[in-house]
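Dear colleague,

Here is the structure I said I would hand over to you. Please look through it at your own pace, and then read the notes below, which go through what was found.

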Amino acid sequence: MKLSLRLIINQIYLHLRKHKPKKMKHFYLSLLFLLAFSYGVNAQEQMIFKQTFIKVNEGTNYAEDLKEKFSKFAQARIDAGYQSGWHLWEVVGNPQAVFSHVIVEPMTISQMEKERDWDAIGKMRAEALPGMTNNDWSTFMEDVRAKRTIVAEAIFLNISEVKKTNEVNLPDDIGVINFMKVATGKDKTYETMERAYYAKGLEKNDPRSGWSLGRRIDKTGTDIYWNYFTVNWYPSYPALMKAAASSPAWDADKNYQNMLKIRDLRESVVIRKVMMLQ
């Protein structure tokens, strides 16, 4: 509940305390209405996720810059309400991948609209990294640009997720991202098929801790490389390798074959959680 709403409720309460007790009934009715209204407004805030795919140059300390400097700036943005989180992931066992790290930033639409408030962002940076002047920051960013390449950016919605048990917290430590290209005009069909495949959840002997489905919303068209992705979650990298080594060869059933007709698996990449700020 926002502070302004708390102040309104407090003023109503103090006013009605001076009147007859039966008028307190109106206070509780008003409070119920305000709470319901506040929940309705918050429920309309759609959470989106911004992905930044980064390739770190070999022999540089950019990974440390992410953890030591950018994470502090990100935490300041979170605390100030400019975004809802900052998640850092690294690619595992795939040095030939076009990216080595992924940053995922959950935010609402209203938070995204604040991104062009450069004065406020500069102030947050100064508070998060005291002693670093604007010139220092410019020099630092020049150094950063020599250490890494931003390969791509994307924005997605979390469409569906399944957890093996209620105790599982997603995202887990290891994720296998499967980038999909779904045929134009088949979005609803594909999402329905994926959900149906996991309608009964994960089986008891399934080595995965969870599964997620995301839809890309920043780009559309026939020429984009991917527009959906799924993630198979595992509690650890050894758990993933054990599952991969013990899984027998299999053929797709009829339902899965139908899904293969409308989507292509473009690429599969394993990522490991490095840091999650909220």
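Of the 278 residues in the chain, 40% are buried, and I should say at once that the model is a predicted one. The surface that the chain exposes comes to about 17000 Å², and carbon and sulfur atoms supply 53% of that area. The chain holds 9 helices and 8 strands. If you take the contacts between residues at least 6 apart in sequence, 78% of them join residues that are at least 24 apart, so please keep the sequence numbers in view as you read.

The barrel is a good place to begin. Its 8 strands close up in the order β1-β3-β2-β8-β5-β7-β6-β4, with antiparallel pairing, and from one strand to the next the twist averages 35°. As a reminder, strands of a sheet pair through backbone hydrogen bonds, and the pairing can be either parallel or antiparallel.

You can follow part of this order pair by pair. Strand β1 is joined to β4, which covers residues 148-163, by 8 bridges, and the two run antiparallel; here valine 56 has arginine 148 in β4 as its bridge partner. Helix α6 packs on the sheet, where it touches β1 and β4, and its direction makes about 80° with that of β4. Strand β1 is also joined to β3 by 8 bridges, again antiparallel, and in this pair phenylalanine 49 has proline 106 in β3 as its bridge partner. Between β2 and β3 there are 4 bridges, with the strands running antiparallel, and tryptophan 89 stands opposite valine 102 in β3. Strands β2 and β8 are antiparallel as well and are joined by 6 bridges, with glutamate 90 standing opposite arginine 272 in β8. Finally, β5 and β8 pair in the antiparallel sense over 9 bridges, and the bridge partner of valine 182 in β8 is arginine 263.

Strand β3 deserves a separate look. It spans residues 101-108, and 8 of its 8 residues are buried. In a regular strand the side chains alternate between the two faces of the sheet. In β3 both faces are covered, with His101, Ile103, Glu105 and Met107 buried on one side, and Val102, Val104, Pro106 and Thr108 buried on the other.

Next comes the nonpolar interior. The largest nonpolar core has 24 residues, and those that touch the most other members are Tyr62, Leu66, Phe70, Trp86, Trp137 and Phe140. At least two residues of this core come from each of β1 (47-56), α3 (62-79), β2 (86-91), α5 (118-128), α6 (134-147) and β8 (263-277), and α3 gives the most, with 7 residues. A second, separate core has 18 residues, among them Trp89, Phe99, Ile177 and Trp226.

Two members of the largest core show how such contacts are made. Not counting residues up to four places away in sequence, phenylalanine 70 touches Tyr62, Asp65, Trp86, Trp137, Phe140, Met141 and Val144. Tyrosine 62, for its part, lies in helix α3. Is tyrosine 62 buried or exposed? Its relative accessible area is 3%, and because this falls under the 20% cut-off, tyrosine 62 counts as buried. Leaving aside neighbours within four places in sequence, tyrosine 62 is in contact with Ile54, Val56, Phe70, Val144, Lys147 and Arg148. The last of these is a useful example, since tyrosine 62 and arginine 148 are 86 residues apart in sequence, yet their C-alpha atoms are 7.1 Å apart in space.

Two details in the loops remain. Aspartate 206 is found in the loop between α7 (187-197) and β6 (210-216), and with a relative accessible area of 14% it is buried. The side chain of aspartate 206 is joined to that of arginine 208 by a polar contact of 2.9 Å. The other detail is proline 171, in the loop between β4 and β5 (174-182): the peptide bond that leads from leucine 170 to proline 171 is cis, with omega near 0°.

With best wishes

Key
Residues numbered from 1 in each chain as written. Predicted model: local features only at pLDDT ≥ 70, side-chain atom pairs only at ≥ 80, totals over all residues. Heavy atoms only, no water. Core = buried A, V, L, I, M, F, W, Y, C linked by side-chain atoms within 4.5 Å. Buried < 20%, exposed > 50% of the residue type's maximum accessible area, 1.4 Å probe, protein only. Contact = heavy atoms within 4.5 Å. Areas by Shrake-Rupley, 256 points an atom, 1.4 Å probe, with all protein chains shown as cover. Polar contact = N/O pair within 3.5 Å; in protein donor to acceptor, adjacent residues only side chain to side chain. Pairing = 2+ DSSP bridges. Axes fitted to C-alpha atoms, helices over the stretch in contact; angles between N-to-C directions.
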